[in-house]
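Take a look at the chain below. We will walk through its layout, its helix packing and its cores.

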Amino acid sequence: MNKLLTAALTGAVALGVAGAAEADTKIAVINLPQIISELPQTKAADARLQSQFSSRVKEVERLLDQGKSLQDKLTRDGGTMSQAEYTKTQRKLAEVSSEYRLKGQALEEDRRRAANAENQKILDKVQTAIEKIAKANHYDIVLSGTSVAYAVDGINISDQVIQMVSKDK
């Protein structure tokens, strides 16, 4: 019986201490996908990337169209072409296909690198804003809203982060 009473009192004390610690802890929540999607810097970065790579995208699209055209020509006219013309068209198709693959892969790698660099710049600004807001409002913990099952609206600081980062262009 003594062991049961001791265990119950220990549990009650532990719960009381945990409750007191919770009362002193100030928590905020952010919705990072919302923040990123609503920032003007994100839209500006997307426009810069689009502009930066537009000529290369057009070149890759041109190669794709040229390859389709050559393939259609072989399919449509292959039976009536001379052997030399057929071979020449096949070689040209192989050359265009190879160039398409190489340029397409290089384009995707470069776009991915540039997008990652732009995203990192934005994330750094968001992190700085979160830290400033947390310190100014004395938050002990800022959680990502994607890992929180429920939170009242008053602790979501996403709009504050958007406003702060939007001012820092």
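Five helices and two strands make up the regular elements of this protein. The model is a predicted one. Start at the N terminus and read along the chain: the order is α-β-α-α-α-β-α.

Now consider the chain as a whole. The protein has 169 residues, and 22% of them are buried. Its accessible surface is about 11800 Å². Carbon and sulfur atoms account for 55% of that surface. Contacts tell us how the chain folds back on itself. Take the contacts between residues at least 6 apart in sequence: 83% of them join residues at least 24 apart.

Next, find two helices that pack together. Two packed helices are described by the angle between their axes and the distance between the axes. Helix H3 covers residues 40-77, and helix H4 covers residues 83-136. Their axes come within 8 Å and cross at roughly 170 degrees. Angles over 145 degrees count as roughly antiparallel, so H3 is roughly antiparallel to H4. Which classes of residue form this contact of H3 with H4? There are 18 nonpolar, nine polar and 11 charged residues.

Thr-89 gives a close-up of helix H4, where this residue is found. Is Thr-89 buried or exposed? Its relative accessibility is 7%. Buried means under 20%, so Thr-89 counts as buried. Leaving aside residues up to four places away in sequence, Thr-89 touches Leu-70, Lys-73, Leu-74 and Met-81.

Turn to the nonpolar cores. The largest one has 16 residues. Which of these touch the most other members? They are Ile-30, Ile-35, Leu-39, Val-126, Ile-157, Val-161 and Val-165. Several elements feed this core. Strand E1 (27-30), H4 and helix H5 (158-167) each supply at least two residues. The largest share, six residues, comes from H4.

Leu-39 shows how such a core residue is surrounded. Again leaving aside residues up to four places away in sequence, Leu-39 touches Ile-122, Val-126, Ile-162, Val-165 and Ser-166. Two of these names, Val-126 and Val-165, also appear among the core residues that touch the most other members.

There is also a second, separate core. This one has six residues, including Leu-63, Leu-74, Leu-93 and Val-96. Leu-74 has come up before: Thr-89 touches Leu-74.

Key
Residues numbered from 1 in each chain as written. Predicted model: local features only at pLDDT ≥ 70, side-chain atom pairs only at ≥ 80, totals over all residues. Heavy atoms only, no water. Axes fitted to C-alpha atoms, helices over the stretch in contact; angles between N-to-C directions. Helix = DSSP H or I, 4+ residues; strand = E, 2+ residues; numbered from the N terminus. Parallel < 35°, antiparallel > 145°, perpendicular 65-115°, else oblique. Nonpolar A, V, L, I, M, F, W, Y, C, P; charged D, E, K, R; others polar. Buried < 20%, exposed > 50% of the residue type's maximum accessible area, 1.4 Å probe, protein only. Contact = heavy atoms within 4.5 Å. Areas by Shrake-Rupley, 256 points an atom, 1.4 Å probe, with all protein chains shown as cover. Core = buried A, V, L, I, M, F, W, Y, C linked by side-chain atoms within 4.5 Å.
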